[in-house]
Amino acid sequence: MSRSIPPSELANHNNIDSLWLAIDGVVYDLTEFAPTHPGGLSVLLDHAGGDGTEAYNAVHSPSLLLSTLPASKQLGRLSSSVPVLAASSSQPTPKPKQKPPLSSLLSVNDFRLVAHDFLPPKTLAFVSSAATDCHTHRRNSTTYSQITLRPRVLIDVSAPVSLKTTILGQPVSSPIFVSPTSLGKTVHPEGEREIARACKEMGGVAQIVSTSASFAVADVIQAALDHPIPSSPDGSQQQNNTNDDIPVFLQLYVDKHAPNTSALLHSLTSPNGPSKIKGVFLTVDAPVPGKREADERIQTTPTSSSPTINTTTPMATQLTPRPDTNGSALGRLMASYISPSLTWSHTLPFLRAHLPPGVPIVLKGIQTASDALCAFHAGVSGILISNHGGRSLDTSPASILVLLEIQRCCPEVLEGMEVFVDGGVGRGSDVLKALCLGARGVGVGRGVLWGLGGYGGEGVRRVLEILNDELVTSMKMCGVTSLDELHPGMVNTRAIDHLVPDTLSEEHPYAKWRRSKL
Ligand code: HEM
Ligand SMILES: Cc1cc2nc3c(=O)[nH]c(=O)nc-3n(C[C@H](O)[C@H](O)[C@H](O)COP(=O)(O)O)c2cc1C
């Protein structure tokens, strides 16, 4: 790596046949890697032969390069920084990109790639970022791919499949639901309201609205109520037009100033209130904000490529995020109102005291079987196994592993309360695997935002349709036509079984060291 490479030499390697990129002063040969880059070939070609430091750091941690590329691909150090003009004049002027027609997008990943090309850099960093080295974020999805399905054949699967089910007693059109994501306006001017309209068009998909949403949850419910009811293919009208039929839930961050939370809960559950929520998902995996470096690195100040970001949050304390010495992460700067003092003994009684009887409480962010059992004993209606999409504590377990841990260590909780899971779901087959393993419903976070960012409500609807269609196709390939037929025997988890803890004990299996005994 001692070679010194002048920018003029780097500039010659600006195409698919020879693709070099300088990142943080080091020149890398990405020719072999580029066609398989999960973020797409085109972003690498955009920077080929030049300095990709800013673009790379906006989405990746420094360690990703070292863990992905062999050392032999580090060609040397740049002898001097790439002159901006020289670098751009050495490459053909990039053609303005055209958004592909919606009908050409066939997978959630297709939507992700379009969003990466069209969302402003700050929004993209906010949505796509995850904590530190993003291991949990990656493993959330790769762990699904390690679980294999066990298809059965020669079974008549001609019957239509209905995905209708219930979530916390609320009828929904699919077990796939929309996980809560904050600051929807950063992605689309109508943010969470546009998601609500799409969920209604999908026949009543459950939507969990964040306390840090850009719109008050009452406005989100109202948007669904006001949205015209689509006709079913058979010509009959879908119902879904009273508040009772809109499956909107509140994701709750408890405010450091408790009366703010009391007032919020009261307004959304009072019998005479105009818009009532169907339950509360209390987020428990973010007592402090995760360290999301891609989001920290990009300034919140507007630039030509990143217009003003709308960070108004009507349900949370009004905050204007200002960069500090740690950076500019929207997620962190917006989270300063969230209480870090939640406990089993105080927070759940506090919630119960502020909710009418019968409003279900779910704990979002359970990451061990032990906590699943505590939740069960605490009498909540359910848990959402989640690690915040890998945005909170990096190297916490992939969500689907925690579902297996619960199956192994305390299966009784699956009988006694509803268990949901989110994180890394990109295919209907992922949903199928989670359902087979006992999940009542499966949440999607970023996938919905990719649809919203690229194509508004239509994009959200398409993302949900694609996942539903893939779920139905995978079910039929496995020989089943009803959600009731799913069971764990339909999946093979051997490749990851060794990662699943087999005891509720808090002790390490053999390391018994204690500092206090020294
Ligand atoms: C100009 C530089 C680069 C840009 C703009 C870029 C952009 C992206 C984007 C947008 C994604 C999708 C992330 C998501 O959906 O959450 C991605 C994924 C990925 N990229 Fe890059 N990338 C760059 C360079 C590289 C390099 C040099 C490597 C490694 C040698 C790399 C490795 C990966 C990997 C492993 C993933 C999938 C896992 C992950 O999201 O962390 N990328 N990239
Ligand atoms: C941009 C963004 C904002 C989020 N905001 C919240 C939030 O306000 N409250 C919360 O409980 N979870 C939040 N999450 C986590 C999601 O609810 C969900 O757990 C996660 O996105 C699921 O992983 P996936 O994105 O891989 O589908 C957020 C996630 C993203 C990507």
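**Exercise 1. Sort the residues of the shell around ligand 2 by class, then find where the shell comes from.**

*Solution.* Start with the classes: the shell around ligand 2 holds five nonpolar, 15 polar and four charged residues. Keep in mind as you work that this is a predicted model. Next, look at who is there. The shell counts 24 residues, and the closest are S182, S210, G389, G445 and R446. Finally, turn to the secondary structure: helices α7 (121–128) and α19 each contribute at least two residues to this shell.

**Exercise 2. Do the same for ligand 1: which residues come nearest, and how do the classes divide?**

*Solution.* First, select the shell of ligand 1, which has 22 residues; P38, G39, G52, T68 and S128 come nearest. Then ask which elements give two or more residues to it: these are α2 (41–47), α3 (53–59), α4 (62–68) and α6. Last, sort by class, and you should arrive at 12 nonpolar, eight polar and two charged residues.

**Exercise 3. Describe how helix α6 lies against helix α19.**

*Solution.* A reminder to begin with: a pair of packed helices is described by the angle between the axes and the distance between them. Here, the axes of α6 (residues 108–118) and α19 (residues 446–477) come within 10 Å and cross at roughly 180°. Angles over 145 degrees count as roughly antiparallel, and therefore α6 is roughly antiparallel to α19.

Now list the contact. From α6 come V108, F111, R112, V114, A115 and F118, and they meet a set of α19 residues including W450, V463, I466 and L467. Several glycines of α19 also take part, among them G447, G451 and G453. By class, the contact has nine nonpolar, five polar and one charged residues.

**Exercise 4. Is A125 buried or exposed, and what does A125 touch?**

*Solution.* Step one is to place the residue: A125 sits in helix α7. Step two is to count neighbours. A residue is buried if 20 or more other C-beta atoms lie within 10 Å of its own; A125 has 25, so A125 is buried. Step three is to look past the neighbours within four places in sequence, which leaves contacts with A58, V59, A294, D295 and I298. For a contrast, try S381: its C-alpha lies 34 Å from that of A125, and the two are 256 residues apart in sequence.

**Exercise 5. Check the span of helix α8 and find what covers its buried residues.**

*Solution.* Helix α8 (residues 135–146) has 12 residues. From first C-alpha to last it reaches 16 Å, close to the 16 Å expected at 1.5 Å a residue. Its buried residues are T136, H137, R139, N140, T143 and Y144. Their cover includes α16 (399–409), α18 (428–436) and α20 (494–497).

Follow one of those covering helices a little further. In α16, eight of the 11 residues are buried; among them are S399, I400, L401 and E405.

**Exercise 6. Where are C134 and H388, and what is the sign of phi in each?**

*Solution.* Take C134 to begin with. C134 is in the loop between α7 and α8, and its phi is near 65°, a positive value in a residue other than glycine. C134 counts as buried because it has 23 C-beta neighbours inside 10 Å.

Then take H388, in the loop between β14 (382–385) and α16. Its phi is also positive, about 65°, although H388 is not a glycine. With 26 other C-beta atoms within 10 Å, H388 is buried.

Technical notes:
Residues are numbered from 1 along each chain as its sequence is written. Chains are lettered from A and ligands numbered from 1 in the order in which they are written. This is a predicted model: local features need pLDDT of at least 70, side-chain atom pairs count only at pLDDT 80 or more; totals for chains, interfaces and linings use all residues. Axes are lines fitted to C-alpha atoms, for helices over the stretch in contact, and angles run from 0 to 180 degrees between N-to-C directions. Helices (H or I, at least four residues) and strands (E, at least two) are DSSP runs, numbered from the N terminus. Angles under 35 degrees count as roughly parallel, over 145 as roughly antiparallel, 65 to 115 as roughly perpendicular and the rest as oblique. Two residues are in contact if their C-beta atoms, placed from the backbone, lie within 7 Å. Ala, Val, Leu, Ile, Met, Phe, Trp, Tyr, Cys and Pro count as nonpolar, Asp, Glu, Lys and Arg as charged, and the others, Gly among them, as polar. A residue is near a molecule or strand if its C-beta atom, placed from the backbone, lies within 6 Å of it. The expected span of a helix is 1.5 Å times one less than its number of residues. A residue is buried if 20 or more other C-beta atoms lie within 10 Å of its own, exposed if 12 or fewer, and partly exposed in between; C-beta atoms are placed from the backbone.
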